[in-house]
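I opened this structure for a first look. These are my notes, in the order I took them.

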Number of protein chains: 2
Amino acid sequence: MKKITLKDIAAYFDVSISTASKAINGSHEISEALKEKIQKYAKEMHYKPNRMALNLLNKSNRTIGVIVPNILNYFFVQVLYGIEKVANENGYNIISCISNESFDKESKTLAFLDSGTVDGVIVSLSEETQEKRKVAAFMDILGNQIPLVLFDRVSDLVSCDKVVVDDYEAGYTSTQYFLDTGCKTIAIISPIAHSSVGKLRFNGYKKALEDNGISFQENLVVNYSKKDDLDVLMALLMNCGPVDAILGLDEITAVRVLQILKSKNYRVPEDVSIIGFTNGQLSKYVTPALTTVSQHGKYIGELTAKQLIKRIKHKSNDELPFETKVVKTSLLIRDSTKKLL
Amino acid sequence: MKKITLKDIAAYFDVSISTASKAINGSHEISEALKEKIQKYAKEMHYKPNRMALNLLNKSNRTIGVIVPNILNYFFVQVLYGIEKVANENGYNIISCISNESFDKESKTLAFLDSGTVDGVIVSLSEETQEKRKVAAFMDILGNQIPLVLFDRVSDLVSCDKVVVDDYEAGYTSTQYFLDTGCKTIAIISPIAHSSVGKLRFNGYKKALEDNGISFQENLVVNYSKKDDLDVLMALLMNCGPVDAILGLDEITAVRVLQILKSKNYRVPEDVSIIGFTNGQLSKYVTPALTTVSQHGKYIGELTAKQLIKRIKHKSNDELPFETKVVKTSLLIRDSTKKLL
DNA sequence: GTGAAAGCGCTAACAT
DNA sequence: ATGTTAGCGCTTTCAC
């Protein structure tokens, strides 16, 4: 019961390998009788052409590599889902890698993908990469003519197709919404201060304050990392003076903020309003349900995959200019914010 | 800036391809001077051996295929995370596929993986596959000597290594816990009635009732599918008579049950206790926090990947008997159940 | 120390 | 209608 090859089949029927190949592929050059015999035998023996050989021959393997920073984050899972869907519809498989926000792991993975492993690559940068602004590995990919699409966390240092969220607007809109519901002192809590996405949201927040004649206060900004204790940071924040709204820059942050506030007997949204990011199940089922910015993860994934596949198909013809698609967010009003005035 | 090959390098230095190959691989057969020159040039030109060629040569590509039924389910994401971790530590990459609970998609994916695409395969069966008990595609994989490990949703029809959760015990233990906290009328709600996992949990539930001298009531069993409206089903259930505990067979079911109950002004756990499955963020952050059965998803992933890699390494030597590892669950007591009497 | 040749499994252009 | 040859990119004997 060993893996059977064309050679075996050819030997069995005492024909040449190419005859066997043609017979199996239903070539009209081969006599019906022989074709039938060979095909029957091939089927019986569960013959399958060796993919590795085909890949080498075609210089393509209908596979795309995806690198996401964190698979335990619902947004990225949604994107992955969208990518897989479109890839699958187009006959591609995905090899998915997790950078775990590490520059090293991301670079190594890119180097691996940059050796004929895949037809194209999709990446959302690790936070460390965005912080260091080191994108050599991407240059290699591009240099080797491997189609690349960046999504969500992108870099201006890399020229390629991109799909991003309108994070600036999202930051602006949610801040404006707080203002419109009567909140004055708006804090912002971010675990992704170094990422493009985090910065954009922050800038949108600042601009909204400015446009409303509210002065920006440094002490209302809480940037934290895994090492930090959010409880402590929150206690500090709430002791600085009254805070009546908090913008959490990702889903889990907003949920944890809600939890902490509740445990300290703040009423949400009466005392403090909260808006989070990523429309996941978490935001939906928590009490009170969180008002969130939906980034349409699945849609982003679909768009990204489509763009990559388009690029793969146009590979030879490099007339196709790079595109950056911006996906608008939606603010889903739920119960963690007050009603409009 | 085209992809550079050994041939190009050989031509550039006017040496043979094999010399170039040896030089780049640091063979002692080659003079230091030449080695240095060639290696330097290779580096400059960003030369990387073509993976497809190597794969064909080595009949291995250090890649493992993973098929999960549903990537939007936190349990499977956790498993995936564990698999990726171990695979990565051992120099393997994973190509991940989603069956979406469809028999067809699963079979097609298996057929694809069964053609030299991967060194081994990890699968958790789609519900449809478990229901139909059709496992031909797995037989093909096995027939072609491709190492296979099944996890969580497994089939007795397939002889291979398996990693499963002690779902029977989990069903038993959680039911017993309800009983021990004074609940008498215990309902069970399952979206996975056709899966091995669902059946096992159900059997554990029944056995616990039996051992406690409580008669099993058919009308306390709610099996539903995506098409069904859980709200309606719940209304039906609650109108049958008093129900003081509900066992939800997956995370989202338990959470939705909680939501529905709260909206109908039942108090949890005073009126109705709830236990769910899968220790995800959802169960943790919902109010009240759900008592859940933790299946240790990440650990299962790690175990599965380790077993597969072991199998891949032992491929030649088929003395290695198949193993089924059973992972015990833990009941995490939180606030959706009453205190022990 | 360097090169020629074979071969991984397959396909396709080119004979016969 | 069938076979021969070459080649995808690489490594690895085995000659020289």
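The entries below cover the DNA, the two chains and one sheet.

**Entry 1: the model.** I noted first that this is a predicted model.

**Entry 2: DNA strand D.** Which residues come nearest to DNA strand D? I found 24 residues around the strand. V15(A), S18(A), E29(A), L6(B) and S18(B) come nearest. I then looked up the elements that give two or more residues to this surface. In chain A they are α2 (17-24) and α4 (51-58). In chain B they are α1 (6-13), α2 (17-24) and α4 (51-58). By type, I listed 12 nonpolar, 9 polar and 3 charged residues near DNA strand D.

**Entry 3: chain A against chain B.** How many residues are in contact between chain A and chain B? I noted 43 residues of chain A and 43 of chain B. On the chain A side, the elements giving two or more residues include α4, α5 (74-89), α8 (136-143) and α12 (251-263). β2(A) gives the most, with 6 residues. I also took down the make-up of this side of chain A: 20 nonpolar, 16 polar and 7 charged residues.

**Entry 4: a sheet in chain A.** I traced an open sheet of 6 strands in chain A. Its order is β7-β6-β8-β9-β10-β12, and the pairing is mixed. Which strands are at the edges? They are β7 (221-223) and β12 (330-332) of chain A, and each pairs on one side only. The twist averages 15° from one strand to the next.

**Entry 5: one pair of strands.** I picked β6 (residues 186-190) and β8 (residues 245-248) of chain A. They pair in the parallel sense over 4 bridges. Across this pair, A187(A) stands opposite I246(A) in β8(A).

Technical notes. Residues are numbered from 1 along each chain as its sequence is written. Chains are lettered from A and ligands numbered from 1 in the order in which they are written. This is a predicted model: local features need pLDDT of at least 70, side-chain atom pairs count only at pLDDT 80 or more; totals for chains, interfaces and linings use all residues. A residue is near a molecule or strand if its C-beta atom, placed from the backbone, lies within 6 Å of it. Ala, Val, Leu, Ile, Met, Phe, Trp, Tyr, Cys and Pro count as nonpolar, Asp, Glu, Lys and Arg as charged, and the others, Gly among them, as polar. Two residues are in contact if their C-beta atoms, placed from the backbone, lie within 7 Å. Two strands pair if DSSP finds at least two bridges between them. Axes are lines fitted to C-alpha atoms, for helices over the stretch in contact, and angles run from 0 to 180 degrees between N-to-C directions.
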